[in-house]
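Please load the model in the viewer and keep the selection panel open. The stops below are arranged so that each selection leads to the next.

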Amino acid sequence: MLAELELIWSLVYHRATSKYAILSEAPHAHSGPEMGSLKHWKITMQLLDGKACSAKIRQEIAKTVSEIKASGQRAPHLAAVLVGNDGASQNYVAFKVKDCAEVDFESTTIRLEDTISEQELLAKVNELNNNDAIDGFIVQLPLPKHIDENKIILAINPAKDVDGFCPENVGRLNLGLPTFISATPNGIMELLKRYEIDTEGKHCVILGRSNIVGTPMAVLMSRNTNPGNATVTIAHSRTKSLAALCSTADILIVAIGKTEFVTADMVKEGAVVIDVGQTRVPDDSKKSGFRNVGDVDFENVKNKCSYITYVTGGVGPMTRASLLQNTLKANLRR
Ligand code: GUN
């Protein structure tokens, strides 16, 4: 009889995620609604595997590239401009180059001294705008303080702006027109789509209002699309009662740049949590001398979630895959 009861109670419908939660026998698991003395239950958490998902996207891209080449056309070509010696930026660009090789794109890295003047960098951008052998390019941010990032972004030809940062592409995104969508928000949408996460009518709280992540993310999540159709709140450093607001989120997207900022008390049971943060923290136990820490206190938050990303193998690889998708798009549009 008890065994039967256990079977009956072993699945609990979870409204926020439209999924079923499995009852857990573990007494230490966080408790759900009172269920007499039978047992406690916990939401089964699923890790959103950006690494696996991006590998699939790269496979799809590589297949298209082989078709492009078979038709006698040249492969897509991405250029990356790297100014100075910032370790994280060097790493990001190295990964982008490696990704290009994997899908058989051509890539060019243009390394410039951090003493370069704004005028010289603008001249380099102009040169890339007019180079027909290059489909798209990025200028890795941040730039040295003496260079106005906005001036550089404004100088990029929108047809080659595979970062999706320039006004024309941002405007087109806001109007729902075909464009290059900024890589991180696009990667997150792709992750939500491929895991078939239901976003319609859900409350999506976005922590962070940057031009690169928070703001385009809000546009994408509120659009009449799937995923999308969410009710979106953008929160930031001046938002009042931030913890209380976050705990109303069905979907919490965190891009605030503060390590382990989101703690378990800020997360609703069954929420989908996407961690965009990636901060290098010194760590002598690592060969590199650092480890990456996200904006979410993963260890304590994970068991409350229906889905969550981890600082490595989560949003990062999806961002990189999106850049490849945009570069392919730039090539096909020519
Ligand atoms: N720095 C951090 N993220 C990005 C990005 O997506 N593109 C560029 N160009 N620079 C960045």
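## Overview of the chain

Of the 334 residues in the chain, 40% are buried. The model under inspection is a predicted one. Colour the chain by secondary structure to display its 11 helices and 13 strands. A contact map is a useful companion to this view: among contacts between residues at least 6 apart in sequence, 64% join residues at least 24 apart.

## Stop 1: the three-stranded sheet

Select strand E4, residues 77-83, where six of the seven residues are buried. Next, add strand E5, residues 106-112, which pairs with E4 in the parallel sense over seven bridges. To check the register of this pairing, pick Leu82 and look for its bridge partner in E5, Arg111.

Now show helix H3, residues 87-102; together with E4 and E5, this helix makes a right-handed β-α-β unit.

Then select strand E6, residues 136-139, which runs parallel to E4 and is joined to E4 by four bridges. The register can be checked here with Ala80, whose bridge partner in E6 is Ile138.

With these selections combined, the open sheet is visible: its three strands follow the order E5-E4-E6, with parallel pairing. E5 and E6 are the edge strands, each pairing on one side only. Direction ignored, neighbouring strands of this sheet are turned by 15° against each other on average.

## Stop 2: the ligand

Centre the view on the ligand and display the residues around it: Ile138, Val139, Gln140, Leu141, Asp163, Ala183 and Ile212. Ile138, already met as the bridge partner of Ala80, belongs to this group. What is the make-up by class of the shell around the ligand? The shell has five nonpolar residues, one polar residue and one charged residue.

## Stop 3: the loop before E6

Select Asp135, in the loop between helix H4 (118-129) and E6. Is Asp135 buried or exposed? Asp135 counts as buried because 26 C-beta neighbours lie inside 10 Å, against a threshold of 20 or more.

Set aside the neighbours within four places in sequence and display the contacts of Asp135: Pro76, His77, Leu78, Lys160, Thr327, Ala330, Asn331 and Arg334. Two of these names, His77 and Leu78, fall within the residue range of E4, 77-83. For a distance check, use the C-alpha atoms of Asp135 and Asn331: they are separated by 5.4 Å, although the two residues are 196 residues apart along the chain.

## Stop 4: the six-stranded sheet

Move on to the open sheet of six strands, in the order E3-E13-E10-E9-E7-E8, where the pairing is again parallel. Its edge strands are E3 (46-47) and E8 (231-235), each of which pairs on one side only.

Within this sheet, select strand E9, residues 251-254, and strand E10, residues 271-275; they run parallel and are joined by four bridges. Val254 has Asp275 as its bridge partner in E10. Add E7, which is also parallel to E9 and joined to E9 by four bridges. In this pairing, the bridge partner of Val205 in E9 is Leu252.

Show the side chains of E9 to see that both faces of the strand are covered. Ile251 and Ile253 are on one side, Leu252 and Val254 are on the other, and all are buried.

Finally, select helix H8, residues 214-222, which lies across E7, E8 and E9 and runs at about 170° to E8.

## Stop 5: the loop before E7

The last selection is Tyr195, found in the loop between helix H7 (183-194) and strand E7 (203-207). Tyr195 is classed as partly exposed because 14 other C-beta atoms lie within 10 Å. Leaving aside neighbours within four places in sequence, Tyr195 is in contact with Leu48 and Tyr307. To finish, draw the C-alpha distance between Tyr195 and Leu48: the atoms are separated by 7.7 Å, while the residues are 147 residues apart along the chain.

Methods: Residues are numbered from 1 along each chain as its sequence is written. This is a predicted model: local features need pLDDT of at least 70, side-chain atom pairs count only at pLDDT 80 or more; totals for chains, interfaces and linings use all residues. A residue is near a molecule or strand if its C-beta atom, placed from the backbone, lies within 6 Å of it. Ala, Val, Leu, Ile, Met, Phe, Trp, Tyr, Cys and Pro count as nonpolar, Asp, Glu, Lys and Arg as charged, and the others, Gly among them, as polar. A residue is buried if 20 or more other C-beta atoms lie within 10 Å of its own, exposed if 12 or fewer, and partly exposed in between; C-beta atoms are placed from the backbone. Helices (H or I, at least four residues) and strands (E, at least two) are DSSP runs, numbered from the N terminus. Two strands pair if DSSP finds at least two bridges between them. A crossover is right-handed if, with the strands pointing away from the viewer, the path from the first strand over the helix to the second runs clockwise. Axes are lines fitted to C-alpha atoms, for helices over the stretch in contact, and angles run from 0 to 180 degrees between N-to-C directions. Two residues are in contact if their C-beta atoms, placed from the backbone, lie within 7 Å.
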